[in-house]
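Biologist: Before we discuss this protein, may I ask that each label be justified against its criterion? Please show the structure.

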Amino acid sequence: MQRRFLSSISGTAGNSKTLNQGRWSVKQVKKSNFHVTLDEIRTSIESSDFIALSLQNTGSYAAAWHRVSAIDTPQTSYLKAKYAAERYQIFQFALCPFSLQGSKLTVHPYNFHLFPRDELKCGMPSYSFSCQASRLTSMAREGFDFNTCIYEGISYLSRAQESASKYLSGNPILANPITVSSSPASVADTVFVGRIRSRVKNWRQSCIDSGSKTGDDDLVSSLRRLVLGSEQYGSRLCLTIDVCSERQVQLILEMLTEFSEDVVPLLVASKSRGTQAVRTVFMSSKEDKDLFKREIQDLENKENRRVRGFREVIDLISSSQKPVISQNYLSDLTSIHAKFLGPLPANVDDFSSSLSSAFPNVVDLSQFMKEISPLSNISNLPAAMSSLNRFFAPVDVEVANQGCPVKLSENYQSHGQNAVMISQLFAKLSAIQKSDLSTVQSNEDSQDLASDEHTSFVISKNTGNENVKVWSKNSRRVSSENLVFIWGFAKKLTAAKLKNFLQKSHPVFTQEFDVKYLDRSCAIVVFWESGPSETFLSAVNNEEQLSGSLREMVAEGLRAAGYETYKRACRLGFWEADLAESLDKTLDSSDTEHDSDTKPSEINWSNDLAINFDEL
């Protein structure tokens, strides 16, 4: 039997409120105070054990069937999240580093206002994004200031964009160490390298001679540099070698390894993001060489800090290696990857691998919640918080970073409250789970929370696809081979009437089956045994097998397809408003590429899997 207790969750610190009120002091961070707050954020992350986050995007899904549902495999779930992450923009990023010592929860909540803009004034990044009217209306109702967001929102570059921006800053780039290629060189390569080697050798000797000869006057020294093509890079002598291709760059860098003791190569970028020249700089000593490399690296770091913007916070989270707590793992982490790391991979396995390199430990709070029976069907924070009242697991909350430096309207509902609630919910669930496992309340610190009893919720590179598995209450396991999508109904039918029509249309429906709508245009038929789905698809697509009412339904426009067609629609990116139109396009497409994942998948089918048309 499920044990029930009274709740005891309280708050401490000046501006703290109780759990049910959910009004905490959250520091608002915008462009004007971002850089002065960075050190504080860094300290908060370093001193905490976990990091809760919550994102507010300009939309979540463009159509009803775009939502992740119980029929989705890990791959189709990921493709849906990928489409939304690439389509919508993050306007608010709530971050709450927190520590849990016994029943005391110490939180450091921040709410970052973001807006992408071209800070480099060079056409990158050039952003466009979609907005859902309902989402913007909700934000406006909460007091969100869109003018402030646009003019004061913090901009950013992803890691991939930052790497590309090196070629747009105009600063020379320190060439990466290179090894001599083992592949044979062509005659043209040999002639080119020989000519450049001779030029560099003469220039280098001139630099050595000019350092040892003090009797020459300025005119002679200037003439010597002019003849050899020598220039000045700051206080050091340099030689610029123009190139026509990246192959020539590679050959020059390989050749310069012969002079690595006193020559440092720099790459001069072109406006086309390639390399237009290799600049060799002469070093007077090993100490001078080390100093020069540090100067170049410091210059590059300073430029990177200037352009990466909010990405600085993402890097702090990543480098801390602290567990990240997310209520909606797939949506949040695909958005973070797309905006701050780089383009999203084509499949879920590559996504998991890429993500784990930046965030090795991610706790999916929605999965954690489902371990507690009363919360198993709850998908939003306020409902989860209210449901916790039946348990006794006291959590005392202390807000460490008090104050709100940005003036807000009286009606403003800070999105940062969500990150605080996520940290509270995690603390509460941890305490409840400990109580259920040990039947006594313990006072152990947060180190135990991240160990054995939570390993099933921590998503790492070793957990495969578990992080995107869809769960449904009272579900039955069914193979994807037993699912059939049907659409093209001549008239509007409820699921019950459609099921009744199907029962009369073909003998295959004398066996147990279920029917649910996925959106207004398409329904899904679930057979509980193997075989009937293939028989039904064959009958619909073969005129010779048609008879009775099924023939009439097909004549009126009924179409049917198996689960592979649905997977192909997602893979091909046919994200039409109606699922029926997407399936039509998929069946009519000339795509011949085979899906890498051809094995049947098990689906968690629930009787509650139905679209609420009032929400559409």
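Biologist: Why is E581 called partly exposed?

Modeller: In this predicted model, E581 has a relative accessibility of 41%. Buried means under 20% and exposed means over 50%, so a value of 41% makes E581 partly exposed. The residue E581 is found in helix α21. Its C-alpha atom is separated by 9.5 Å from that of G488, although E581 and G488 are 93 residues apart along the chain.

Biologist: How do you know whether W575 is buried or exposed?

Modeller: The relative accessibility of W575 is 13%. Buried requires a value under 20%, so W575 counts as buried. For the protein chain, 50% of the 616 residues count as buried.

Biologist: How many aromatic pairs does a search of the whole structure find?

Modeller: The search finds 29 aromatic pairs. One of them joins Y83 and W575.

Biologist: What makes the pair of Y83 and W575 stacked?

Modeller: Two values decide the matter, since a pair of aromatic rings is described by the distance of the centres and the angle of the planes. The ring centres of Y83 and W575 lie 5.0 Å apart, with the planes at 20°. Centres must lie within 6.5 Å for a pair, and planes under 30 degrees apart count as stacked; therefore the pair is stacked. It links distant parts of the chain, with Y83 in helix α2 and W575 in the loop between α20 and α21, 492 residues apart. Ring pairs also link Y83 and W575 into a cluster with W65, F485, Y563 and Y566.

Biologist: What makes K499 a charge over the ring of F513?

Modeller: The charged end of K499 is 5.3 Å from the centre of the F513 ring. The distance criterion is within 6 Å of the ring centre, and K499 is listed as sitting over that ring.

Biologist: How do you know that the largest nonpolar core lies between two domains?

Modeller: The largest nonpolar core has 60 residues, and F93, F112, F310, F359 and F485 touch the most other members. Helix α11, residues 329-341, gives the most to this core, with 6 residues. Domain 1 (2-157 + 309-456) and domain 3 (467-598) both give residues to the core, so it lies between them. Another core, of 33 residues, lies apart from it and has C96, L100, F391 and L425 among its members.

Biologist: Why might such residues be grouped in this way?

Modeller: In soluble globular proteins, nonpolar side chains tend to be buried together.

How values were computed: Residues are numbered from 1 along each chain as its sequence is written. This is a predicted model: local features need pLDDT of at least 70, side-chain atom pairs count only at pLDDT 80 or more; totals for chains, interfaces and linings use all residues. Side-chain values use heavy atoms; hydrogens and water are left out. Buried means under 20% relative accessible area, exposed over 50%, partly exposed in between (1.4 Å probe, protein chains only). Rings of Phe, Tyr and Trp (its six-membered ring) pair if their centres lie within 6.5 Å; planes under 30 degrees apart count as stacked, over 60 as edge-to-face and the rest as tilted. Helices (H or I, at least four residues) and strands (E, at least two) are DSSP runs, numbered from the N terminus. A charge sits over a ring if NZ of Lys or CZ of Arg is within 6 Å of the ring centre and within 35 degrees of the ring normal. A nonpolar core is a set of buried Ala, Val, Leu, Ile, Met, Phe, Trp, Tyr and Cys residues joined through side-chain atoms within 4.5 Å. Domain bounds come from an automatic or database domain assignment.
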